[in-house]
Each structure stands twice: as structure tokens, then as C-alpha cells.
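The following note is offered to a colleague who is beginning to read structures of this kind. Please keep the model open while going through the numbered points.

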Amino acid sequence: MAKSTLAAPRVVPARRAQPGRLSFNAVMGLMGGIGLLMLIGPTLIVLVTSVTSGYSLKFPPPGLSLHWYEALIFDSPEIIDDLLLSLKLAAAATACATVLAVAAAVTLARRRTFAARLLDSFFMAPLTIPSLALGLGILILFNLESAGLSFYSLLAGHIALCAPYVLYTTSASYAQLDPALLDSSTCLGAGGWFTFRRVVLPGLVPGIASGAFIAFMNSFDNVALSLFLSDARSEVLPIHLWHIIEDSLDVRAAAASGVLIVATLISMLVMERLAGLSRQFR
Amino acid sequence: MSLIDHQRRKLLQLMGAAGAVGLSLGSPLAMAASESLAATTFPGAWEESQRKILLPAFRKAAGVSAVLTASQAVDTLTKLVAARNNPPFDVVMMDEGPYLQGIAQGVFEPIPAARVPNLANLPAHFVDPKGLGAYVSAQVYGIAYNTERVKTTPKSWNDLLKPEFKGRVGLVSLDSTLGTVWMVALAKMLGGDEDHMDPAFDYIKRLMPNVGAVAANPGALGTLFQQGQVDIACHYINNVESLKAKGVPVALARPDSNWGIVRSTMNIVKNTQAADLAAAYINTALSVEVQQQMTSAPYYVAPTNTKVPFGAALAAIAHNANDMTSFVQVDWARINPRRAEYIDRFNRLVKV
Amino acid sequence: MNPNHRMPRDWLLVLPLGLFFIAFVGVPLLLVALISLHNDTAMAHVGIRQYMVFFGDSYNRGILWQTLWLGMATTLVTIVLGYPVAHLYVVSPPRWRRVLIVLILLPLLTSSVVRTFAWVVILGNEGLVNALLMTLGHAGQPVKLLYTPLAVILSLAQIELPLMVLPLVTTLTSLDTRLPEASHALGASSWRTWWKITVPLAIPGLLSGTLLVFTGAVSAFVVQTLVGGGQLMYMPFYIYEQAIQTQNYPFAATLAVILLVSVLLVVTLLNYFGRKTRGFVHG
């Protein structure tokens, strides 16, 4: 998002002392430090716990060992199965949602008509309404149709969950495209499809990629929808982890969490490099 | 046709193709399901013991692997009723209460005696007359306590009311069989029975200042012990022994009002696609080898196969199935109709 | 291009998503509303009995109130902790900003089960906080932190914190820095400038953040159940329990509708205030 050209470059504040500057900076610094600690602390604690040599979640851990990671990789076929299911689901949901949402975004992007704004709110709804309510509704729908729960019921819910993210980021990207580029392309004789493919799409790709990435992570993480809509014999990873934490406190849950954290961090850094992920949030 | 229309048309074709790809992604998953067996077990020590003992034995016997899902009996029954025509499981493990409800709701199939020869080794009253289920195990419960923090061995359920246990008692939701049978045991100790549960609820009300946490299921109750969140609770012997094996200082004591007993069944689900595999699974669960291993440390699951002797630690509690008939039991036929009401009443009582 | 000629063709692209959403968002929500209007579990009679039952029972009202209160308390904590973090971001040089954004985004993208798990480790009787208290000399019983409302608020606040920080960052970075500087030049103290100039300008970000945090906190099923334990009942678990465990669909649907309406009311309120305060910001 281009910064407003009105914002002045960061200027060093006047040398003349401002009253209260010290206390203001101290308070903001302290509270900000606490905030940052809160943001990152829990993640670090999980990582430390995952290398405990003991059997319980005592902190600090009695000793260090990688045997929980070994147990996770070699001794937990059911966890690996759930991981694969979650990945498959998130990938499929994101793919379908991206196709649907990009098409819609391109159409709705520059319109300010009432119909367009209404549709926009409708498509953003899954972000605000509790996904439990949505899950319950889709469950009732499938029950009424006497269509049993399956991968598809889960997929349907997850596509509805993913679409708003892709729609949002794509619309934002589209809105930032310089209309002059489109016009000049057409004026120079390029056809509609050519313009779309060579001028519009490249500009949209970072937005689409960021949206797809965020949608993927959200689908992977979602528990509420999966609780209602999943086929009883297959479990997505977050729900399985939850059961492990609640029912057996197996430290493998910490190891699995450690793997997830590292994977998230790496993919996040990659997306930042390739698509400027953080720009979507600023 | 203008170039813009051409553009739209291409996009639509693209979306159609993507949709087809998406659908084909889903189907392999649906196909794979019928080649293995979908079974359920209870969360916690049950799941652990069955994964270690039953699944490998079944694999050896049938050559196919089973997919085990941990689910409380009440939840499993709900899922079976909700998807009658296309059940998510082939063989399920039930507690007595939901088992009776399941029979009433017609979600089970008769077990083919020809394919389950081990049925012959069960006492007659452990097999449903119509063959709709067989009891595969019995489980004992008593007073579980942290041996490091609770110095004197507790002797009676009334001990939990002592002020020294303030904030240290664990409860389990009435959604689970453990919670319900304990309430009945309390009622019976205090002069009531399955139809007169008020004494039990009064007891809980008096217990509230001592309650440290309420667990969702017996497995979760075990983790509360593990984390030191609670020090005393009503619990199953298999969960307690499993915790001991993990190094948690916990033991089970016999209450004055006697041990309690809970029995579990296995049933073949109606409309299953894998009836033969399900029968083989039950046969394996009833076999001498599997039941023998389950009686030993650290699971202490009491066998139903008459050919299996009561092993070491279990012998400290009972020598055979006859001994256990004096243990506190529950008439589920009387509890089932009012179970939802009790669950609600309990939830309201324990709410912080 | 003749716009009138284009119009009908354009909407064709919106159709796939539109149809999908009607089928899987619109219809389900409608079904939930309809099912809630039945008097009994067998769904034989239509009526508003479920709503009467809900509002007539103090236990039920208590659960709704506790859930909304959880949302509000969590929002408050995220504002108190989130604003300073956003402030730190804004005053940092670009290199530090890159580090900070990773620190802020990582929790947002990490699984909520993982983050909740961390709080179980931190607040448990054998966890971090109690270990600290022990070393600081607090003898005797560990303090019960887990399974209390405070625990739920804290863990939720941490999980939702990025959702407050990010909108604030957006708003604060697009702030015209000449305004606070003018205020300083005219002699106002840092605190006064902050309160009178910066904060009012940051209100759009605060409202955005509040909306996201409140709706997130109220629906956070995993945290409420794992950290809250069996004694704390909130609306999300109540819905799940009634639908899946008790199989009382009409009541579960009623709960879902009431939760939905409460959330939408708050959202509408916040959007209304958002529009009113837009006049504060220029251009």
C-alpha cells in the first residue's frame, strides 16, 4: 500500500525538551515490551517444552532431549495421517476459494454501487460470524439432504472460510493498480484477455498469493468448522492435537507444535520475500 | 464476439477445470476408507492399551489395519444415530448405558457367531441374546489419590469432603460413564438409588468448595493428576496404573462402600461395509492373548473370556468374575431415560 | 466500451462465488434460524419456546453474559498492551520494523491449538508462573491459575493481540506526523499531545481492532475449553454440547442465533462509531 504522499518523512523531534517525554517513552517502552513478550513468549515456551526429557509439561523442563520428536516422526502414524488430511483439506479449500474469489474480486473491485457493496459484505461474512454457527448450519444442511458427512462437507465449509481472505487481499491489490496502465494497454491495441494476463494479473499476484497463504493457514488451523463437519473417522490435526492435550498430555503434542511453529515461521518468511506478505496487513 | 467476452469465457472455462480438479482431489480419500476398519475406543488409557495390544494383534489376524478413533460412548452413539445409512464406524466400543440405548435405537448388527468363535468362551450373560453386542472387558474404579500429597490413604467417598482437600478434588463430567456411575455409587452410599439421585447431588453441592477442576473425560482427569491440578478423585484403575507407569505418584484405594465396576461392549454397526472385518476385530478383542495382555500392567483391564485368569495386580482386587458381582453396579435401564436431565443438573451445580 | 452493454456480462464472474455462498453460507444460516423456531427436539411444532427457555433461565443468561464479558475484557487487555506495541513499531527504524512485523505476524499465523497449549504450560500448577512463584519464595500450594476466567482472558488476549496491533499500526503509520509535532512546538507535553491529538486520530484503528478482537474472543472455542476447563461454560461450547452431545438441535440453533445477533449488534455499533469518527481524520 503506497504510503500517503502527505505524510512527512520521519523528522527528528525538536531538541528542546518536551515535558513528560521521558515518562511517556518509559511507559510506552515498558508496556510495549510486555506486549512483545506476550506475543512471542508462549511460542518460545512451547519450543522449549518440546525438547523436555520428562513425561509431563513441567516448566522449566527437567532435562533436554529430542526423543519426543523421534516419537512423533516414527511412532505416530495417526498424527501423520491427520497432518496429511489437514494439508490436503487446506490446499483444496484454498485452491477452490482462490479461483472463486479472484473472479469475484475482479468484478467487484472498483464498483461502488449498492449491489456491489452488499455482495462484498456478504462475501466477508464468514470473517465476522462465529464459524460455529456456520458449521452448525452446514451440518443441518447436509443432514437434511441425507448426505452424510465426508471430506466434501468439510471442504464446503472451509472454502467458505477461505474465500473472504483471498477476496479481500485481491480487491486491495486490484484497487492499487494504476488505471492508467489498463487504459494505455487498451489504447495501444491489446485485447481484453491479453491485458488481463499481462498487465492486471502480474499486479494481482502478490495480493492473491498473500490472501491464499493467509487462507491456507486459517483453514489448517480451524477447529470449529471441522468439529461439526468432519467425517467421524478422520480427524484434522488441530482437533487431534487438542484431544492429545486434553486427554493424555502426551508431550508429542509439544513436538508437533514445535514442527508447526517452525514450518509457519519458514513459510511466513518465504511469503514475505516473494509476495510482501506484511504489506497486506499494514 | 468482442475480446472482452472472450476473456470472460476463458476465465469461466478455467474455473470449470479447477472445479473438476478439486473434486478429483477429494475422491481418492473417499475410496480408501473401505479398505481398513474404522473402530472406536475411549480416550485415555483405553486408547493407549488398544493401540499397543489390540491393533497389532488384529493386524496379524486379519492382515488389515484398523483406524482407531477415540470417542466417548455417548458421542459415538450420537454419531451413529446421526448417520444411520452411512455410518462413520464399522465397530464401536460402548459403555453399558449407551449400549442399551444403541440397541433401542437399532444401530447395531448381530455378531455372526460363526466368525467369532471366542464368543463361546464368554459367560452367557455377557453376550446379548440377539447377538447385538458382547462384553469385552470390565473396569474397576475407586478413590485415586496422589501418594505424595495425600498422606493418609482415603477410606471412603466422604473423605473427599474433608477441609484439607480444599481445591484439590477432581470431578469428571457426567457426559462420561465414570461420572455417572460415581453419582450412582454416591447415591447408593447415601441411601438413594438410580431413581433417587438427590443424595448424590447434595453431596456434590457440599463438595464444591473442594473441587479443583472438572475434566471433560477420564483421560482428561488423568492429565489433571499429571499436572498436579488435582490430588484426589474417583478414577478407573487402568488410568491410574497408566499414570503410575509415567512416573506420576498416584494410587487407587478401595472405598468402604466397595469398588465399583463398569463393563464395556463391542458392537458391529448396522449398515457397515466391513462386517467381516468387524467380526474379526471383535474376535481378536475377545481372544485369550489380547485379554491376557490387557489384564497385566499397566492396564489391568478385567477380562470377560473365562479362559483368562485374573493376573497379579488385578488379583489384589478380585480373583475372578464372580468376585466382582458384589461390586457397585448400575442399572442403566433406569438411568438412561433421565441421563440428559442429570447432565444438565450437574453442569449447573459445578459452574463457577 | 459501452458500460450498459458490459453490465450483465460482468456479473457472470461473480456468479460462482455468489452461488457457492448462497448455498453454503446463506442457506445454512437461514436453516439455523428456522430450526431455532421449533418448540421441541422432534421438531413437530413451530414456536419461540426455545428463546423463552433461554432468556427465562438465569443459568443460560449467565452463560451469554459471561461470553460477552469475556469479549470485552479481552478487548480491553489487547488495547492496553497492543497500543504500545503499535507505537513501538511506528517509532522504530526500518530494520527493526522488519523484525517487529515478524514477531507480530507469527502468532497470528500459528495454530491456535499450539498457542493455547503454551498457556496450559505457563499457567499450570507445574508451569512457568508457579515455578517462578516458588523460586520467589511463595511456599505451600501452587496458585490455581489454570481453569479460571482470568486464565481465559489472558490467553485469549495473547492470541488476539496481533489483531489489535495490526490495524493500529496501519492507522498510526498513516498519521500526519506534522500534527503532533505542531502540538509539541506549541508547548504541549508528550502525554497531552498523545491524549489530545494522537489517540483521537487512532480511533479508526482502535475500532477495527476492537471489532476483530471481540468477535474472535467470543467465538474462540478452543481456548475457552482448553484453558477454561469443565467449570466455565461459554456460548461456543454450549452450542457444541447441545448440538452434538445432547442432540437438541432447536436449542443449539437458538444459542447460535443469539450469539450471532449479539456479535452483529456489537459489529454494527462499532461500524456506526467508526463512521462518526471518520471526520477526525483528514484526507
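**Notes on one strand and two contacts**

1. Strand 5 of chain B, residues 134–146, has 11 of its 13 residues buried, so this strand is largely enclosed by the rest of the structure. The reader should bear in mind that the model is predicted. A residue counts as buried here if 20 or more other C-beta atoms lie within 10 Å of its own.

2. With which strands does strand 5 of chain B pair in the antiparallel sense over seven bridges, and which residues does the partner span? The partner is strand 10 of chain B, residues 260–269. Within this pairing, B:Tyr141 stands opposite B:Gly260 of strand 10 of chain B.

3. Strand 8 of chain B, residues 232–236, also runs antiparallel to strand 5 of chain B, and five bridges join the two. Here B:Tyr141 appears again, with B:Tyr236 in strand 8 of chain B as its bridge partner. The student may therefore locate B:Tyr141 with B:Gly260 in strand 10 of chain B and with B:Tyr236 in strand 8 of chain B. In a regular strand the side chains alternate between the two faces of the sheet.

4. Strand 9 of chain B, residues 250–253, is joined to strand 5 of chain B by four bridges, and the two run antiparallel. In this pairing B:Asn146 faces B:Val250 of strand 9 of chain B.

5. Strand 11 of chain B, residues 302–303, is connected to strand 5 of chain B through two bridges, again in the antiparallel sense. B:Ser137 has B:Pro303 of strand 11 of chain B opposite.

6. The next matter is the contact between chain C and chain A, to which chain C gives 83 residues and chain A gives 80 residues. On the side of chain C that touches chain A, helix 1 of chain C, residues 3–35, contributes the most, with 17 residues. That side of chain C consists of 58 nonpolar, 19 polar and six charged residues.

7. How many residues does each chain bring to the contact between chain C and chain B? Chain C brings 21 residues and chain B brings 24 residues. Helix 1 and helix 11 (235–245) of chain C each provide at least two residues of the side of chain C that touches chain B. Helix 1 of chain C has the largest share of that side, four residues. By type, the side of chain C that touches chain B comprises ten nonpolar, eight polar and three charged residues.

Terms used. Residues numbered from 1 in each chain as written. Chains lettered and ligands numbered in written order. Predicted model: local features only at pLDDT ≥ 70, side-chain atom pairs only at ≥ 80, totals over all residues. Contact = placed C-beta atoms within 7 Å. Nonpolar A, V, L, I, M, F, W, Y, C, P; charged D, E, K, R; others polar. Buried ≥ 20, exposed ≤ 12 C-beta atoms within 10 Å, placed from the backbone. Pairing = 2+ DSSP bridges.
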